[in-house]
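This report describes a two-chain model, beginning with domains and ending with individual backbone angles. Please consult the sequence and the coordinates alongside the text.

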Amino acid sequence: MSRTTVGALALAALVLPLAACVDNDPAAGASTAALTVSSTADACTVSSATAESGTLTFQVTNDGSDVTEFYLLGEDGLRVVSEVENIGPGITRDLVVQVRPGTYFTACKPGMVGDGIRAQFTVTDSGDDVGPSGDVAEQLTTAEAQYVAYVKDQVGALIAGTQEFAAAYKAGDDEQARALYAATRVHWERVEPVAESFGDLDPLTDAREADLEDGQTWSGWHYLEKDLWPPLAADNGGQEYVPLTDAERTKAADDLVGWTQDLVDQVNDPDFTFEAFQISNGAKELLDEVATGKVTGEEEIWSHTDLWDFQANVDGARVAYEVLADVVEAQDPDLAATLLERFAALDALLAEQGSVEAGFTPYDELTEQEVKALSTAVDALSEPLSELTAVVTGA
Amino acid sequence: MTEETSAAEPRGISRRALLGGGLLGAAAVGAAGFGLGRATTGEASAGAATPGTFAFTGEHQAGIVTPAQDRLYLAAFDVTTNDRDDLVALLQRWTTIAARLTQGLAAGSYGPSSGPYDAPPDDTGEVADLPPAGLTITFGFGRSLFVTPDGTDRFGLADRLPDALVELPHFPADNLDPARCDGDLVVQACADDPQVAVHAIRNLSRAAFGAATIRWTQLGYGRTSSTSTAQRTPRNLFGFKDGTANLKAEDPAHVAEHVWVPAAAAAADSRDSAWLTGGSYLVARRIRMTIETWDRTSLREQEALVGRTKGEGAPLSGGTEFTEPDFAVTGRDDQPLVAMNSHVRLAHPTHNGGVRMLRRGYNFTDGNDALGRLDAGLFFLAFVTDPRTHYIPMQNTLSRDDGLMEYLQHTGSGLFAVPPGLPDGSLVVGEDGTPITTSASPFVGQALFA
């Protein structure tokens, strides 16, 4: 699991980026014009009422005493081209947006209520090419539906596997439980950002021993992992490991199944949605998980099945990218090409060590060079992947 | 080396008096201070053209409320002798050397390039041409000096162990390397020039051979806290201002409340800890930052996790850097602008029973790991009146709930009792007016051994 119970997703959920075509690459050619906006209780002063088409930066300063928002609206005054929200008094925040020639409206919304203080804003043709003009709303809706379907599929496999694992473990069939452990966890690791968005479920089911506070009760997968791969005293802080009793085994296994069922129920709730920016943030987070936990061998410290988790995180990130690929290819074909190439390179490296179906090399048997090569490939993929959210929210 | 000063010529007045003629004036001021008993506390004594010196003696040790210098070299030592007298003699030597070095003098009376030709110089010499660079040297005692983990009382000090000098608990997600933890003694050397700070530890380590040996050390740069209102707030390796709300020297009432150990602490202790009255506790934590993943994080998330803007350092609830955060202000969907798991919210005194710390941390970069990632982060140093109230609860909260923990890993740790300062005018000086070590020399922490 991540080291924190409230991940970036929960934070990202506070805000809702809408439309705009943001070019992340300053060298991409579009002209950059700096405009300042001062938002007060009764005024929304933009430094210019016109600009040339291209990448515009609105530097929005809240000079009032209420929290404010700034919008760039379409000619109809309804369509939100882009926005920046939650600007506290005295704070300045940038809105970077690609704008085509046309008539727009700027609007400040002090107190975040009402229609805002509006003014017409005209964008003249600079002659520069300003991205595609297709309506991407449909693509994003499709992406979200595809991703939710993937999540449901994975948690379905997860609960089935967890029940089978729990039954074997409770029955004392440790060999069968060990065989099911990594292959079942794969389904969890593929959609971990979703699980993390449900608060307590992640620490309850996926906490490592080192994540705990003094005196805190441990539960979940890694609690059972340690019991199935009991450490020598030397690897256990000098303490002789005490196996769980039958009663402890039963409780731990039943708890795990119960929490997993909670996850299944929440994902299958008709109100469950996962928005495009959450999908793209989730892809980045999955790679962060690999970079901080798996590549160091800290996740599966007793079973050394880290490569299953590693592969699953990469699978989850790839699926997240793939459901968004149409949008990315339209907005930033170079980024799309780079991501495809680097996903393939990382998958090829992983394939040298096995597969989810056939099993992987135990992590403690990898050479330093192999770990370094995997880590380098993760870094190479993570860097461009970190641009994904800005592209998607700008689409 | 010899401590005798029988020669007629004053020796080792100052490395600069001999080698840096242009700085002679400032050096003479530093040297002259001893015989008279220095009256300045915490103010640099040099002119505007050169970095100054800070008084070594005073009610409290220097290097705590002293305006944070730019560089750090901190060393934890294991005491290798089991003889209490040897330990006392070490502390006497250290105190003399620290008093000398902090005033711009060489470690010994001869200095780096004088003395018997067949003897090694009594100062290692690499700062001979450098100004004192505001050097301060601060000493502290670890719990293991009083009682070892297996319960041994090596020096007859077990009945003087302060209750607050506890073993720090395991905090969530701790990944401590025993080779970077604890120690019987600690020496914090701070200066505006890293070579001056390293020189201090090097010469103190040399003077310790036979009595103590280095256990671990930490180099730091780019002070991450300001301890004076005259200093601008520096930035940590996340690129954010760090220590905006830190205790400052100009706020003596709060410093007295939150930093110094009051007489009442000894009165409440189960053992006799009056020797620590007027001292403090130093918490040291080596906090590695996974800066590579941090750098891939959107500005939105970075600011949300910290709870402040990256540029100005203003709380997201509004205002400028020194505006108090307003945790009640909400934005879209009635969510607080300063997120519930943001660092500024969880670390704020209002969420920690009103406790504050005097932080004195530094950035570090200790090369790279095997994966090609920088082994970099924040070497957290804080001085507090009682770690049980002023550090442990807050760290538990942060380690458990702080969103930044996703990018942090604590890899080293130490807690030390920092004795009060040496009284002004108490140093034993030789014929040249500079401190020397005799059996009567006073030393930092002397009351512990009384």
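Domain bounds, as used here, come from an automatic or database domain assignment. On that basis chain A has domain 1 (22-124) and domain 2 (137-393), and the C-alpha centres of domain 1 of chain A and domain 2 of chain A lie 40 Å apart. The model is predicted: local features need pLDDT of at least 70 and side-chain atom pairs count only at pLDDT 80 or more, whereas totals for chains, interfaces and linings use all residues. Residues are numbered from 1 along each chain as its sequence is written, while chains are lettered from A and ligands numbered from 1 in the order in which they are written.

**Chain B and its domains**

Chain B contains 12 helices and 9 strands, where helices (H or I, at least four residues) and strands (E, at least two) are DSSP runs numbered from the N terminus. Of its 450 residues, 54% are buried. A residue is buried if 20 or more other C-beta atoms lie within 10 Å of its own, exposed if 12 or fewer, and partly exposed in between, with C-beta atoms placed from the backbone. Two residues are in contact if their C-beta atoms, placed in that way, lie within 7 Å. Among the contacts in chain B with a separation of 6 or more, 72% are between residues 24 or more positions apart.

Chain B is divided into domain 1 (15-143 + 179-221 + 423-449) and domain 2 (289-416). Their contact takes 18 residues from domain 1 of chain B and 13 residues from domain 2 of chain B. On the domain 1 side, β1 (71-79), β2 (136-142) and β4 (212-221) of chain B each supply at least two residues, and β4(B) provides the largest share, 4 residues.

**The contact between the chains**

The contact between the chains takes 39 residues from chain B and 37 residues from chain A. On the chain B side, α8 (291-294), α9 (299-306) and α12 (392-401) each supply at least two residues, with α9(B) giving the most, 4 residues. The buried residues of α12(B) are B:I392, B:M394, B:Q395, B:S399 and B:R400; they pack against α10 (343-347) and α11 (387-390) of chain B.

**Helix α3 of chain A**

Helix α3 (residues 174-190) of chain A has 17 residues and should span 24 Å at 1.5 Å a residue, which agrees with the 25 Å between its end C-alpha atoms. The expected span is 1.5 Å times one less than the number of residues. α3(A) bends by about 35 degrees at A:Y181, the bend being the angle between axes fitted to the seven residues ending there and the seven starting there. Its buried residues include A:Y181 and A:W188, and the buried residues of α3(A) pack against α2 (137-170), α4 (192-196), α6 (221-228) and α9 (306-331) of chain A.

**Positive phi angles**

Most residues other than glycine have a negative phi. Two residues of chain B with a positive phi are set out below.

| Residue | Phi | Loop in chain B | Other C-beta atoms within 10 Å |
|---|---|---|---|
| B:A173 | near 70 degrees | between α4 (143-146) and β3 (185-191) | 20, buried |
| B:D333 | about 60 degrees | between α9 and α10 | 12, exposed |
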